[in-house]
Structures are given as structure tokens and as C-alpha cells.
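Thanks, everyone, for making the time this morning. I would like to walk through one structure, chain by chain, and I will try to keep to what can be read from the coordinates.

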Amino acid sequence: MRSTKPSSGRFRNDGAAVKQPAPPGALALRWVALCLRRRPGPLRPQISAALGAHGEPLRWAVTAVRGDHLCLEAVVLIGLPPP
Amino acid sequence: MAPDVLPTLLVVPTGVGCAIGGYAGDAMPAARVLAAASGCLITHPNVMNGAALYWSDSRIQYVEGWALDRFAAGDLALRPVRRQRLGLLLDAGMEEDLRLRQLQVADGCRASLGLDIAAVVSSEVPLEVCLEQGPSGASWGRLGHPDALLRAGERLRDAGATAIAVVARFPEDPAGEALAAYRQGSGVDPLAGAEAVISHLLSRHLRLPCAHAPALQPLPLQRGLDPRAAGEELGTTFLPCVLVGLSRAPDLLPLQPDSTPSWGDGAVLCPESIGAVVAPAGALGGEAVLASVERGVPLIAVDNPCLLQVTAEALALEQDGAVVLNASSYAEAAGLVLALREGLAPASLRRPFAGLAG
């Protein structure tokens, strides 16, 4: 898809969790970046648990791996009505 | 599903600058060769959408990213269909000339391609798309009024639509450096992340096939345009590929744990049937790939440079028991898929060939 300039959203890159403030209202999308220390076993449950503390994960990806730390970027849902 | 096919997932993550698949549907040739090799390819709109360019193939199932993730995780099955009744959802933030362009494309697809478009609705308020970029450089985005998107989708579903095409007004930056780089074949597409969020949100809410096209004003003619970006400069909208893709997108069938599915006769693609997953070697950290690997599906990691370095080695996938096959190109990946389909051990096609120990 064609590229345009991001209209907002410059984020820290220091490994700390970064959250964008959610607008007031029943439903909001929140952008989240965080790093988690991986434990033995499947990665998805660990990722879901880490993101679940911020909302319902809608879309996420591991965007970097530093040793045993996974860096995640995600958009989570807050206040979503049941489907 | 014919017993001799090997249902294969093809994932090319959106908004991470993949050399193949980071532009205007430029992973379509890879999808076509993998579809021929597997007999059944399940892939997502980022692979198949080339604005005015598209390819329809009964061996390719067009599945939006949220649904693809859920399919890979075992939460959904897919039922191929002859056609879907499309609903067209237009952002109220679109100018009248852009709105008219979308409607004319939809009419053109009805008249010239025979597509069934059941209804058109506008959101109650502008959706207010904003674009963002993460620390990795990957593109993301959000909506100011996600609830308006969901309500408009519900109206289309209630009007009989079985699949939904969304057109949202995106911010313009015709003189920007990012756009210039993209047209010259470099950089990351900052629109893609927001597009994925829109279609994920609607798919998750409605459990219907959904896909998105941005609304933007046409650009001035440019010489030296990268061929991979050219598909988006042939027309005045990005909608044709979305309507064509959705017109035969499979139904999404929820699967309940520990229950026997009862969806009647007819071919259904179940998650258990997935025989391989193909993804860029440096972008293996998405849900569809990780879910597939955790379910024991062989992973074909293709050399397709992008801005991420999330490799099988970095994720220690093989240490966790995953089967990882490396391919230097999508042509080689197709050969590996064909080998799996034929029941060949892929190692037998490579040299040196080690003897059995013991």
C-alpha cells in the first residue's frame, strides 16, 4: 500500500512498556510496546498474558529478540463489546 | 478438500518493509507458485492486494489477518464458497469526489466482473485514522472512532452482506520523504499497519471476511517508479483487489474446544489440515507463524529481507522442537512445499547428506 507520513506516534525505544492514552468512550484502541523475559515453553501464552494486562490483544508481533527478552509491539482493545 | 493437496499458509507481515510483499501486491507471484505447488494456499490481503491489480485462483483462499491468526491457532475453520455478498463500508470522513470514485469502482466490479454487492453504508462519523510507527520501525495505526466502524459493519451484516470491504480516508502526505522512498522501492509502508488494525477489528467483531482499502487522492505522474509500487498508480482507488478478493473469501466457522463441528456437507478447511507455513525468515514473530509452529506445522523460512531480525534462531524455535526448513527464495519454498505434498523428506533433496548414526 502507498506510503504517507505517520501523523502521530513517536515512541520511546528503551525497552520499557509504552502505552498511548486511550480516548474517553466505551471502546478504544491502545498501542503498546513492551519487553518480556521468556520462560521455557510455548511463546504465545506468555505473550498473551503480557499483553492481556493492557487490554485484549488485537494485533501483535515480536519485533526484536535480545537474549531471553522478547520485544513486542501491539494494538490492544479496551472496552470492546462482545462480538 | 482433495486428499492430495497440502494446505499451506503464506504469511508476509504487513508494514515491516519486506522486499517481496512490502509494496502493491508484489508477493502475488510467490502466492501463485505456492498455490500451484500446494494445491491449496491460504493467505492474507497484504499478499494479494495490488490496488487495480489482483489475481483470482480457486486454489487461493483470501483470509484477513485476524482470521488467519485464529485459523492457525485452531479457533476457526474455513469454508470455501462460490461467492460472497459484499457490503461496502465508506468512511464518512471521505470527500465527495473520493466517495464517488469508490462507488464507481464498485459499480464497475458489478457490471464487468459480476460481483454481488449487497449494500453500501457510511460510518456515522469520520473514522479518523491516525498512523503510527513503533520502535522497530514497523507501521501501526489506530482509529479515533472504532465504535463507528463496528456499528457500520453491523448495519451491512443486517442488510445481508456476508463479507465487508472497508474504505477509510487516510492522511495525505504527497510531498513527504516516506512516500518518495516508497515510490522508489525502499522504506516501510506506514499505511499498512493502520489498515491491518481496521480489518482485524471488524473481522474480530463480525466474524465475517473483511478487508480494507485506503482512500487517497491520486498522485502526480512520476518517472522512475519502482515496479513493485506501480499497481497503486493505475487507477484512482485501491478498491478493486479488495472486492475481488472478498468475492470468494471463505466463510469463517468458529470452532469450540472439545466439541464436534456440525456445519453440514461440503469441503471445509480445518486447522488440523495445515501442512506447511511459509514466512519471511526475519519476521517469524507473528501469531499465525508461532501458532502453526506450536501445533507442529513445518515452517519454511524464506530469505525475504525486511527491517526485523526475528529469526527461527533468535526465537529458538528448533530448540523447542519446531521443524524449520530454510529457503533462499519463494521458488525454493515452492519446491519444499511440493516435496512435503509428495511425502518426500526435504533433507533428501540437499547435499551433503549425512548417514544414519549408530
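In chain A, buried residues make up 40% of the 83 residues, and I should say at once that this is a predicted model. The secondary structure of that chain amounts to one helix and four strands, which follow one another along the sequence as β-β-α-β-β. If we take the contacts in chain A with a separation of 6 or more, 38% of them join residues that are 24 or more positions apart.

Let me turn to chain B and its sheet. Six strands of chain B form an open sheet, in the order β3-β2-β1-β12-β13-β14, and the pairing is parallel. At the edges are β3 (60-62) and β14 (324-327) of chain B, each of which pairs on one side only. On average, and with direction ignored, neighbouring strands of this sheet are turned by 25 degrees against each other.

Looking at one edge in detail, strand β13 of chain B, residues 299-302, pairs with β14(B) in the parallel sense over four bridges, and B:Ile300 has B:Leu325 in β14(B) as its bridge partner. Helix α1 of chain B, residues 28-38, packs on the sheet, where it touches β1 (8-10), β2 (41-43), β3 and β12 (276-280) of chain B, and its direction makes about 145 degrees with that of β2(B).

Now, which residues have the most contacts inside the largest nonpolar core? That core has 150 residues, and the ones in question are B:Ala31, B:Leu34, B:Ile164, B:Ala165, B:Leu299 and B:Ile300. Its largest share, eight residues, comes from helix α7 of chain B, residues 192-206. As background, nonpolar side chains tend to be buried together in soluble globular proteins. To take B:Ala165 as an example, and leaving aside its neighbours within four places in sequence, its contacts include B:Leu86, B:Leu88 and B:Leu89, as well as B:Ala211, B:Ala213 and B:Leu246.

Finally, a word on how α7(B) meets another helix. Helix α3 of chain B, residues 65-73, packs against α7(B) at an angle of about 60 degrees, with the axes 7 Å apart, and the angle is why α3(B) counts as oblique to α7(B). The residues that meet are B:Gly65, B:Trp66 and B:Ala67 on the α3(B) side, and B:Ala196, B:Ser199, B:His200, B:Ser203 and B:Arg204 on the α7(B) side. Sorted by class, this contact has three nonpolar, four polar and one charged residues.

Key. Residues are numbered from 1 along each chain as its sequence is written. Chains are lettered from A and ligands numbered from 1 in the order in which they are written. This is a predicted model: local features need pLDDT of at least 70, side-chain atom pairs count only at pLDDT 80 or more; totals for chains, interfaces and linings use all residues. A nonpolar core is a set of buried Ala, Val, Leu, Ile, Met, Phe, Trp, Tyr and Cys residues joined through C-beta atoms within 7 Å. A residue is buried if 20 or more other C-beta atoms lie within 10 Å of its own, exposed if 12 or fewer, and partly exposed in between; C-beta atoms are placed from the backbone. Helices (H or I, at least four residues) and strands (E, at least two) are DSSP runs, numbered from the N terminus. Two residues are in contact if their C-beta atoms, placed from the backbone, lie within 7 Å. Two strands pair if DSSP finds at least two bridges between them. Axes are lines fitted to C-alpha atoms, for helices over the stretch in contact, and angles run from 0 to 180 degrees between N-to-C directions. Angles under 35 degrees count as roughly parallel, over 145 as roughly antiparallel, 65 to 115 as roughly perpendicular and the rest as oblique. Ala, Val, Leu, Ile, Met, Phe, Trp, Tyr, Cys and Pro count as nonpolar, Asp, Glu, Lys and Arg as charged, and the others, Gly among them, as polar.
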